[in-house]
Amino acid sequence: MYPFIWRPSDGVRHATKSTEVADGAAFRALCGAECAAADLSEQAWLWATCPECNASAHKLAHEQTALVLP
Ligand SMILES: [Zn+2]
């Protein structure tokens, strides 16, 4: 389990360290964006990935993997 989740908002898929973000809830993305409302509709999951969140998420995932694997 990675220490972040993906949540679409405002036309972009952001990642966040918040453990639970319900549909319509505000959250802070890894890129620093303050997202007013998560959009968990099916179409929202097809939006483009936020490049800053993508880079941060890969970094977190790599750090997590490094902790698990010697
Ligand atoms: Zn973002």
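**Reading a hairpin, a core and a loop residue**

Asp-39 sits in the loop between β4 (34–35) and β5 (48–49) of this predicted model.

Trainee: Good, a place to start. Is Asp-39 buried, exposed or partly exposed, and why?

Mentor: Count the C-beta atoms around it: 20 or more within 10 Å would make a residue buried, and 12 or fewer exposed. Asp-39 has 18 others within 10 Å, so it is partly exposed.

Trainee: Which residues does Asp-39 touch, leaving out those up to four places away in sequence?

Mentor: Pro-8, Ser-9 and Ala-44. Take Ser-9: it is 30 residues from Asp-39 along the chain, yet their C-alpha atoms are separated by 5.4 Å.

Trainee: Ser-9 brings us to β1. How do β1 (5–9) and β2 (12–16) run, and how many bridges join them?

Mentor: They are antiparallel, with five bridges between them. As one example of facing residues, Trp-6 stands opposite Ala-15 in β2. The two strands make a hairpin, with two residues between them.

Trainee: What should I look for in the turn, at Asp-10?

Mentor: Look at phi. Most residues other than glycine have a negative value. Asp-10 has a positive one, near 55°. With 15 C-beta neighbours inside 10 Å, Asp-10 is also partly exposed.

Trainee: And how do I read a nonpolar core?

Mentor: In soluble globular proteins, nonpolar side chains tend to be buried together. Here the largest nonpolar core has 12 residues, including Val-12, Ala-15, Phe-27 and Leu-30. β2 and α1 (51–68) are the elements giving two or more residues to this core.

Trainee: Which residues is Val-12 in contact with, leaving aside neighbours within four places in sequence?

Mentor: Trp-47, Ala-48 and Cys-50. Cys-50 belongs to that core as well.

Definitions and conventions:
Residues are numbered from 1 along each chain as its sequence is written. This is a predicted model: local features need pLDDT of at least 70, side-chain atom pairs count only at pLDDT 80 or more; totals for chains, interfaces and linings use all residues. Two strands pair if DSSP finds at least two bridges between them. Helices (H or I, at least four residues) and strands (E, at least two) are DSSP runs, numbered from the N terminus. A nonpolar core is a set of buried Ala, Val, Leu, Ile, Met, Phe, Trp, Tyr and Cys residues joined through C-beta atoms within 7 Å. Two residues are in contact if their C-beta atoms, placed from the backbone, lie within 7 Å.
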